[in-house]
Number of protein chains: 2
Amino acid sequence: MPKVGMEPVRRKALVDAAMRVIGDHGSLTVTMSEIAKQAGVSPALAHHYFGSKEQLLIETVRSHLQRLRDNTVMALRAAKTPREKLSAIIRVSFQADQFAPETIAAWLAFYAEAQRSEETRRFLVIYARRLRSNLLANLKALCSGDDAERIAEGAAAMIDGLYIRQSLRSAPISIEASIALTEDYINTLLAPLSRKAAFQKDR
Amino acid sequence: MPKVGMEPVRRKALVDAAMRVIGDHGSLTVTMSEIAKQAGVSPALAHHYFGSKEQLLIETVRSHLQRLRDNTVMALRAAKTPREKLSAIIRVSFQADQFAPETIAAWLAFYAEAQRSEETRRFLVIYARRLRSNLLANLKALCSGDDAERIAEGAAAMIDGLYIRQSLRSAPISIEASIALTEDYINTLLAPLSRKAAFQKDR
DNA sequence: TATTTTTGATTGACTGATCAATCAACAAAA
DNA sequence: TTTTGTTGATTGATCAGTCAATCAAAAATA
């Protein structure tokens with residue numbers, strides 16, 4: 001069985017397995033054994049490739065955020081106008097796979113972990129900044145800089161808040177409703193500020 | 001030293017200690033020893049009064065949510081009009097002690113724990129429902145039921161989102177800015193719906 | 001081509017540390 | 001003397017991390 005070039009395959013398998021295990025365990029308190037088992041290898045191999053549990057977990061966060069970023073870049077590229085780009089950002093945030101219970105559970109676990117792990121925190125800060133700056137850049141085309149800052153901050157908070165509320169799975173809000181709520185926020189705050197631009201865009 | 005009537009004193013000391021330890025540890029992965037030490041008693045005593053670590057943690061969540069509820073009830077009582085009551089709810093949510101880094105860290109840890117502990121989840125669901133229904137009841141006095149539902153959902157999400165974003169401690173938003181953002185959201189969404197009522201309230 | 005050597009992949013078994021939980025014992029108050 | 005409060009010592013389980021050994025492909029050599 002042992003063939004050459006297994007390293008990248010195993011690394012990916014382990015990172016994916018970690019994401020799955022964290023997701024349905026709902027916490028970073030998972031064992032290397034569980035992860036390794038899920039990936040179909042021995043715990044020793046996980047240590048062999050990642051050195052430590054912490055490192056594997058960090059790689060897992062990194063990989064997850066990377067995927068989110070790729071999706072966002074693609075969606076932004078497909079959108080033409082600033083207003084469309086705002087919608088694209090929102091849509092990606094609530095994409096089905098992002099909004100799955102296990103994903104949200106994992107996401108939450110990462111936030112908790114960030115309180116202790118400086119490296120995890122750094123990744124999440126990058127995510128938060130990116131979300132904010134993507135929103136900001138496109139809002140600036142539709143209203144004044146000050147207003148854009150304020151609306152970006154609010155929209156980012158709303159997106160993250162809808163996420164965390166979803167994690168409780170009581171009165172779950174649908175993907176569409178979450179998107180609608182965020183769009184409504186932006187539309188309503190924007191309306192009195194830039195009637196011209198907003199009108200131009202709305203069909 | 002042993003005097004009668006220690007039980008409530010010790011329980012409170014342990015619950016408070018747990019909150020503190022969880023707060024600066026930033027996670028529920030804390031040991032009974034740490035908590036007991038912080039409370040100035042032996043680990044065995046913590047087990048004596050709470051039976052298990054899980055139970056102590058659950059009591060800690062309960063106590064924290066209870067305090068938040070008491071604050072809210074008081075603030076609501078002091079406010080007269082529906083619009084004032086909305087502001088009161090927002091103000092309590094971002095109160096200094098609620099917004100302290102350790103409190104936010106603990107809060108986050110509870111959310112993560114809720115993925116595994118049914119009882120913790122129940123408490124948080126109750127909190128989420130209460131926030132929503134407090135907002136809803138007062139919004140209904142200012143606009144239609146459907147609009148009230150929508151705005152309550154959005155405001156609750158924004159409050160929780162501002163919280164979670166705060167936990168990253170990058171570009172921290174001040175208490176005042178968080179309140180302003182949420183107030184602005186409610187004002188702006190309400191404005192076109194009930195000019196009369198909103199006007200009446202705004203001085 | 002056949003044979004040997006090297007190297008990467010992989011694991012089972014083990015170790016050391018940590019921790020929740022238990023328990024027997026003791027001290028002071030009632 | 002009974003009850004309540006309290007602890008030190010211990011146990012048993014869980015886990016991250018290590019290590020020596022194995023196996024098969026690839027590379028080198030004959």
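**How the two chains hold the DNA strands**

A phosphate oxygen of DNA strand D sits 3.3 Å from a polar backbone atom of Met6(B), a polar contact in the sense of a pair of N or O atoms within 3.5 Å. This is a predicted model, so local features need pLDDT of at least 70 and side-chain atom pairs pLDDT 80 or more, while totals for chains, interfaces and linings use all residues. Residues count from 1 along each chain as its sequence is written, chains are lettered from A and ligands numbered from 1 in written order, and side-chain values use heavy atoms, without hydrogens or water.

Chain A reaches the backbone of strand D too. A polar backbone atom of Lys53(A) lies 2.7 Å from a phosphate oxygen of DNA strand D, and His47(A) brings a polar side-chain atom to 3.1 Å from a phosphate oxygen of that strand. The elements that give two or more residues to the surface near strand D are helix H3 (43-50) of chain A, along with helices H1 (6-25) and H3 (43-50) of chain B (helices are DSSP runs of H or I, at least four residues, numbered from the N terminus). H3(B) provides the largest share, four residues.

Altogether, 20 residues surround strand D, with Thr31(A), Met32(A), Lys53(A), Arg10(B) and Ser42(B) the closest (a residue is near a strand if one of its heavy atoms lies within 4 Å of it). By class, this surface has 10 nonpolar, six polar and four charged residues (Asp, Glu, Lys and Arg count as charged, and Gly is among the polar ones). Sugar or phosphate makes up 76% of the atoms of strand D within 4 Å of the protein, and bases make up the rest.

Over on DNA strand C, 20 residues again line up around the strand, and Arg10(A), Ser42(A), Met32(B), His47(B) and Lys53(B) come nearest. An N or O atom in the side chain of Arg10(A) is 2.5 Å from a phosphate oxygen of strand C. From chain B, polar backbone atoms of Met32(B) and Val30(B) join in, the former at 3.0 Å from a phosphate oxygen of strand C and the latter at 3.3 Å from one. Here H1 (6-25) and H3 of chain A, plus H3 of chain B, are the elements giving two or more residues to the surface near strand C. H3(A) gives the most, with four residues. The surface near strand C splits into 10 nonpolar, six polar and four charged residues. Of the atoms of strand C within 4 Å of the protein, 78% belong to sugar or phosphate.

Part of this DNA-facing stretch also turns up in a record: an unreviewed UniProt entry labels residues 31-50 of chain A "DNA-binding region", though such annotations may be inferred rather than shown by experiment. Residues 31-50 of chain A are 80% helix and 0% strand, and their end C-alpha atoms are 14 Å apart.

As for the pair of chains, chain B can be laid on chain A with an RMSD of 0.1 Å by a 180° turn and a shift of 0.0 Å along the axis (a least-squares fit on C-alpha atoms with pLDDT of at least 70 in both). The two copies are therefore related as by a two-fold rotation axis. Gly161(B) has the chain B C-alpha nearest that axis, 1.8 Å away.

In the interface, 39 residues of chain B touch 39 residues of chain A (contact means heavy atoms within 4.5 Å). Because 100% of the interface residues of chain B are also interface residues in chain A, the copies meet through the same surface. About 3800 Å² is buried between the chains, 63% of it from carbon and sulfur atoms (accessible area lost on being put together, 1.4 Å probe, summed over both parts). Gln115(B), Arg165(B) and Leu168(B) supply 21% of what chain B buries against chain A, more than any other three residues.

Conventions:
A polar contact is a pair of N or O atoms within 3.5 Å; within protein, one must be able to donate a hydrogen and the other to accept it, and residues adjacent in sequence count only if both atoms are side-chain atoms. Buried area is the accessible area (1.4 Å probe) that two parts lose on being put together, summed over both.
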